[in-house]
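Visitor: I should like to learn how to read the features of a protein model residue by residue. Could you guide me through one?

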Amino acid sequence: MFGKGFRLPLYVIATLLFGIKTYIVYRFLFSLEIENSMQEFILFINPFVSAFLVFAISVWIKKTSRQVKYLRYTALIGTLVIYANLVFYRSFSDFITIPQLSQGGNAGDLGSSILSLIKVYDIFLFADVIFIWYLGKKQQDRVSTKYPRSGKVCAFALSLALLVGNFFLAEMERPQLFTRAFDREYLVKYIGLFNYHIYDAFLHSKVKTQHVFADGSELPAIKEYVKTTIDQKGESDLFGVAKGKNVIFISAESLQTFVINNTVNGQEITPFLNSLVADKDTYYFENFYHQTEQGKTSDSEFLVENSLYPLPRGAVFYTHGQNNYHAFPEIIKENGYYSAVFHANNDSFYNRDQMYPSLGFDYFYDQEAYEVTDDNKIGWGLKDKPFFEQSMKYLQSLDQPFYAKFITLTNHFPFELDDQDKSIDRYDSNSNTLNNYFPTVRYMDEAIEQFFQQLKEAGLYENSIIVIMGDHYGISSNHNKAMSMYLDKEQITPYDHVQLQRVPLFIHIPGHGKGEVQSTIAGQIDVKPTLLSLLGIKENDIYFGNDLFNEDHKGYIALRNGDFITKDYIYTNETCYNFETGEAVEETEASACTDLSQVIEKELSYSDDIIYGDLFRFVDFKQE
């Protein structure tokens with residue numbers, strides 16, 4: 001294959017092959033949005049820049065065998081890093097962070113979820129590794145390098161120059177790239193996956209020191225911000241309407257708003273939840289957004305219990321499970337409530353066995369409390385119908401008033417369900433994920449309807465308020481083609497993507513009779529203050545949400561990546577869209593979005609400061 005005079009070094013061959021492979025992954029397997037030719041150019045060069053920087057180190061290794069060995073294993077490790085991110089991306093449309101590596105213990109519970117993300121053609125990602133190993137073995141002397149010191153320095157200098165040039169172009173195209181580090185797609189697109197991981201490691205070390213050096217001096221600025229921007233005047237008309245009642249909270253796995261009052265193959269997807277929308281005992285929030293990040297379900301729990309934002313990297317439940325919090329269960333405990341969580345999964349998943357006591361929960365009914373058999377489990381564990389059924393004996397034994405949180409499992413990726421449990425047919429598209437989603441949503445809908453009936457039979461229904469909330473999206477942007485087909489759209493635009501982050505929120509108050517559909521712009525950050533208000537509980541606190549029934553509302557919802565929604569605008573991808581039409585607004589009008597974007601960044605930063613610094617350890621809320 002190579003002639004007698006061939007002298008192309010192996011590190012150059014490795015750079016070219018690895019760079020081409022990485023670009024193909026960036027361009028065709030990751031859904032990185034390319035807006036102009038400069039972004040395309042940067043995306044093309046950064047794989048080669050990163051590869052050359054790493055592989056060129058081999059020129060400093062004197063022994064030929066060690067030089068070849070370094071290149072072999074570097075190519076293999078680099079490919080494994082790419083592949084791990086690819087598998088992760090197929091599920092979450094996101095990239096791995098160091099804090100998430102601490103969640104590796106969860107992998108054993110993923111089962112078929114991970115298997116469904118592995119494709120047969122993935123083996124081709126290792127083709128260059130095999131070729132490099134082959135060359136290193138068969139033509140070791142011909143592909144190794146023996147540069148003089150000046151040649152080694154030159155190779156090193158060239159790699160650094162290319163890196164600096166890459167960073168310069170990235171900063172030119174995307175100013176403040178490194179200060180907006182919570183947007184991982186931008187980092188990967190502009191500086192590459194490997195440089196992103198190095199930067200992520202830097203951020204990780206930085207935030208670890210934040211707890212050590214925090215002394216509470218950060219709190220006055222945060223309190224002032226909350227007082228002037230978040231705090232509401234007066235009380236809502238519904239303040240205390242549920243005073244002394246039990247709170248039953250259903251965290252509905254992966255339930256998105258687009259299925260509500262919608263059909264598939266001519267059949268209602270959620271007939272029971274649809275009936276609640278029209279029920280006069282129910283308040284249904286149609287513009288309610290999930291605000292989770294990498295922690296998904298655990299992030300939604302964190303938002304609900306604390307009215308603080310999740311972290312931009314990793315899951316708070318893992319990284320800061322031992323922090324001091326002033327959470328909803330702790331507050332209502334002071335008002336005579338007992339609190340419990342029901343979730344048929346192991347207690348260490350998402351570090352819940354550590355986090356729940358920090359939040360003030362009294363008890364956790366984990367999978368050990370349930371009889372799980374081959375007949376009643378699927379996917380991630382116990383099916384929802386037997387889950388609610390088996391939970392009733394525990395629920396009836398709780399001292400009242402209680403706060404009981406139920407976390408469902410069946411409607412979880414990859415959305416598996418036995419044929420005998422399917423009440424509607426699968427959808428027919430190019431996405432098995434979306435196709436399977438509708439039957440599992442219907443099954444969950446039937447399970448919740450069954451649970452309502454069980455509550456009535458147990459005599460718990462009338463003296464309770466029942467909250468049903470979707471915890472996060474179920475269908476990621478990787479399935480946009482199928483989603484556009486289902487929604488009868490030409491394509492899913494950035495505006496559409498944000499609107500697909502809506503999840504249902506139902507607040508059902510038996511006997512109330514004044515419920516209605518609410519169009520208020522709302523999010524999971526608002527649940528804690530809203531529930532406290534309904535229970536008639538006033539508390540000195542620091543949080544970033546609002547009582548949704550109070551007309552004095554801050555008027556926006558921030559997503560963890562810095563995007564936001566108001567009644568007039570949706571801001572995403574640095575573009576301001578009209579909320580009603582989805583059209584990008586004129587530049588003069590877009591200044592309103594730009595101004596609010598700065599407020600959003602400050603709010604997210606203050607919430608992060610509270611968590612990273614464990615600032616509540618310096619606060620005595622009883623004396624505030």
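Visitor: Which residues of H13 are buried?

Guide: Please bear in mind that this is a predicted model. A residue counts as buried when its relative accessible area is under 20%. In helix H13 (residues 296-306) the buried residues are Lys296, Thr297, Ser298, Asp299, Ser300, Glu301, Phe302, Leu303, Val304, Glu305 and Asn306. Because 11 of the 11 residues are buried, H13 is largely enclosed by the rest of the structure. Just after H13, Ser307 adopts a positive phi of about 55°.

Visitor: How many of the eight residues of helix H9 are buried?

Guide: Seven of the eight residues of H9 (residues 184-191) are buried, so this helix is also largely enclosed by the rest of the structure. The buried set consists of Arg184, Tyr186, Leu187, Val188, Lys189, Tyr190 and Ile191.

Visitor: What covers the buried residues of H9?

Guide: The cover includes helix H1 (10-29), helix H2 (37-55), helix H8 (149-173) and helix H10 (193-213). Just after H9 comes Gly192, with a positive phi of about 95°.

Visitor: How should I read the two faces of a strand, and which residues lie on each side of E4?

Guide: In a regular strand the side chains alternate between the two faces of the sheet. In strand E4 (residues 282-285), Thr282 and Tyr284 are on one side, and Tyr283 and Phe285 are on the other. All four are buried, and both faces of E4 are thus covered.

Visitor: Which strands pair with E4, and in what sense?

Guide: Strand E12 (residues 505-508) pairs with E4 in the antiparallel sense over four bridges. Within that pairing, Phe285 stands opposite Leu505. Strand E13 (residues 517-518) runs parallel to E4 and is joined to it by two bridges. There, Tyr284 stands opposite Val517.

Visitor: Let us turn to helix packing. At what angle do H11 and H22 pack?

Guide: The general idea concerns the helix itself: an α-helix has 3.6 residues a turn, so residues three or four places apart point the same way. Helix H11 (residues 219-230) and helix H22 (residues 587-612) pack at an angle of about 135°, and their axes are 11 Å apart. The two helices are therefore oblique to each other. Their crossing is left-handed. On the H11 side the contact is made by Ala221, Ile222, Tyr225 and Ile230, and on the H22 side by Val599, Lys602, Glu603, Tyr606, Asp609 and Ile610. These contact residues comprise seven nonpolar, no polar and three charged.

Visitor: Where are the cis peptide bonds to Pro401 and Pro414 found?

Guide: Pro401 is in the loop between helix H17 (384-397) and strand E10 (402-407). The bond from Gln400 to Pro401 is cis, with omega near 0°. Pro414 is in the loop between E10 and helix H18 (432-457). The bond from Phe413 to Pro414 is cis as well, with omega near 10°.

Visitor: What is phi at Phe415 and at Ser254, and are these residues buried or exposed?

Guide: Phe415, in the loop between E10 and H18, has a positive phi of about 60° although it is not a glycine. Its relative accessible area is 2%, so Phe415 is buried. Ser254 lies in the loop between strand E1 (246-252) and strand E2 (263-264). Phi of Ser254, likewise a residue other than glycine, is positive, near 55°. Ser254 counts as buried because its relative accessibility is 2%.

Note on methods. Residues are numbered from 1 along each chain as its sequence is written. This is a predicted model: local features need pLDDT of at least 70, side-chain atom pairs count only at pLDDT 80 or more; totals for chains, interfaces and linings use all residues. Side-chain values use heavy atoms; hydrogens and water are left out. Buried means under 20% relative accessible area, exposed over 50%, partly exposed in between (1.4 Å probe, protein chains only). Two strands pair if DSSP finds at least two bridges between them. Axes are lines fitted to C-alpha atoms, for helices over the stretch in contact, and angles run from 0 to 180 degrees between N-to-C directions. Angles under 35 degrees count as roughly parallel, over 145 as roughly antiparallel, 65 to 115 as roughly perpendicular and the rest as oblique. A crossing is left-handed if the near helix is turned anticlockwise from the far one by less than a right angle, and right-handed if clockwise. Contact means heavy atoms within 4.5 Å. Ala, Val, Leu, Ile, Met, Phe, Trp, Tyr, Cys and Pro count as nonpolar, Asp, Glu, Lys and Arg as charged, and the others, Gly among them, as polar.
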